[in-house]
Amino acid sequence: MKKINYIIFSIFLLTAMGCSKSFLEKNPQGELVGEQLETQEGVEGFLTGAYSLLNGNVNGTFGNYGAAPSQWLLGEVTSDNAHKGSDNGDQPNMNLLERHAPTSTNDNLENVWVRCFEGILRCNNTLKFLNIVQAGDKKFQEARAIEIQAEARVLRAHYYFFLARIFKNVPLITETTTTVAVDNTPDIYPAIVNDLKFGVDNLGIVTSKDPVTRVNKVVAQAYLGKVYLYQKKYLDALPLLNAVIAARPQLETLPYTNNFDITTENGPEAIFAVQHSVGADGTGGENGNVGDILNFPYGNGLPITCCGFFQPSIDLANAFKVDAAGLPYLVAQDYRTNPYKSDFGLSDAEKKAYELDKSLRVDPRMDYTMGRRGVPFHDWGVMQGDSWIREPSNGGPFVAYKNVIDASQVSSGTGPGNTNVTGLNVNIIRLADVYLMAAECEVEAGSVPKALMLVNQVRARAAKLPAKQVGGVNVAVYQVNPYLSFPNQDYARNAVRMERRLELALEGHRFYDLVRWGIAKRTLDSYFQFEGDYFPYLKPVVMEDRDEYFPIPQNQIDRSQGILKQNSGYN
């Protein structure tokens, strides 16, 4: 497996910085200071540490589910795309997130808060000690000093963006902050934008230290475009996103599956990816994809068997259906008509007699997003249904696909003794995401034909996916055709939004998209009624105004002695 250069300083950093339990501590206990860190090596070490927090994992600890870079829990399970899965008694605080009933003591929220602020602390220390070194005799070459500053600021913007999407009201802590605690009510988006602008202005297309795995100008452009999109500044976002598209090969030439394969990751489609490594780095899997450790099929004899979490929803399965023209249904009531017939809820005798409906017309991305009974699943064999699922009545009949590696890759692609800790990278931003963000900007700017072109390029690539077959026969009627036109702006808007769901499903975007579009309540209330017919625990769920964001961890409010304010609607 690949070796990640930015992990080699991990022991130094963990000794130097510790793992602060509170972002409010300016100098965490055990942090080395003075001559030991006021060197070029010390600054590079801090920057290395800032990168290492991208996977949400500190000091070899596991359980960083809320801070997982895939955002499977807070970005997907809270949406209409996925269930927590597993059984009802495992990780009960996740159940509360799925039902939009979290408390301020939910450990998953505390986890992401602490991990992101640890990353911010490391970025701030990079900048602080860079200034000290540059004021001395043994300074960096100016080009590298500016590059370090830009890398640290882009990473800091990333951590703050994650926090802002989840909590909204977040305190701004920088390298110059001197107060013990900071008010969290001012908007931090201007600071995020300023950090990303600095990256755009001062980073090159490649970074001198590592041209593949480090942030660069293209990353900064894509991220700044994304942040502008969240602010509805479409005309500001569009030139940045177009610059990223121009810098990469045509999307249609880049295989869709390369994004989810440890042998082809870090290719041209990967704009900003969290690097994971097992084996070659000598850590026993601690630098692997720990955040998704629970999210594999569950059953005896499978290549990876833990732990049955993160199960795609029945609604998502229906969303992949297409009409006779090979186009998606843009209205939920249309794709829910004649819903997908799985073996869910059937008697034992009926399940034994169940046969896959091979006449079903679907987008091929369905079978590269979820595993369903009767369909080949990677190289694991044909998905067998209940025997691959921990508790079907709790999570449904499907399993996640994109985060799972091939059986043939397990020996080299998983951590020693931890076959469910893989070396698969997680894409924070990939090229198809950029195409669809640009399409959204074009729609909102009134350039519907340009949006049509971008969406059809994404669909043209999807049409090239190989058909899944059993015995030489396709397991579905696979169709994904281009739109002939977008009749009006509203139609175009809905088409772009649906394309984001189909292309990026289970990649951590969905809930945040619903919130920024202003349709979270309408979409999820409808979803809970539909999905609740299958899962009674969802039927009573009704979205409240507060539910677009999550409660500030009470532990952090207590430590701030009341300076941090709880989000409206939460106790």
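The following questions and answers deal with the confidence, cores and empty spaces of a predicted model.

Residues are numbered from 1 along each chain as its sequence is written, and side-chain values use heavy atoms, without hydrogens or water. As the model is predicted, local features need pLDDT of at least 70 and side-chain atom pairs count only at pLDDT 80 or more, while totals for chains, interfaces and linings use all residues.

Trainee: What pLDDT does the chain average?

Mentor: pLDDT is the predictor's confidence in each residue, from 0 to 100. It stays under 50 over residues 1-30, yet 93% of the residues score at least 70. The chain average is 92.

Trainee: Which helix gives the most to the largest nonpolar core?

Mentor: A nonpolar core is a set of buried Ala, Val, Leu, Ile, Met, Phe, Trp, Tyr and Cys residues joined through side-chain atoms within 4.5 Å, where buried means under 20% relative accessible area with a 1.4 Å probe, protein chains only. The largest such core has 157 residues, and L155, F167, I192 and V434 touch the most other members. Helices are DSSP runs of H or I, at least four residues, and strands are runs of E, at least two, numbered from the N terminus. With 15 residues, the one that gives the most to this core is helix 6 (residues 142-167).

Trainee: Which residues is I192 in contact with, leaving aside its neighbours within four places in sequence?

Mentor: Contact means heavy atoms within 4.5 Å. By that rule, the partners of I192 are A157, Y160, F161, A164 and V227.

Trainee: How much space lies in the largest pocket?

Mentor: On a 1 Å grid over the protein atoms alone, a pocket is an open set of points with protein on both sides within 12 Å along at least five of seven lines, and a cavity is a set where a 1.4 Å probe fits but cannot get out; lining residues have an atom within 4 Å of a point. Grid points are joined across faces, edges and corners, and a volume is the space filled by probe spheres set on the points. The largest pocket is lined by 18 residues, with L330, A332, I519, R522 and T523 closest to its centre. Its space is about 420 Å³.

Trainee: Which helix gives the most to the lining of the second largest cavity?

Mentor: This cavity holds about 90 Å³. Among the 13 lining residues, P69, F162, R165, I428 and H509 are the closest to its centre. With three residues, the helix that gives the most to this lining is helix 6.

Conventions:
Buried < 20%, exposed > 50% of the residue type's maximum accessible area, 1.4 Å probe, protein only.
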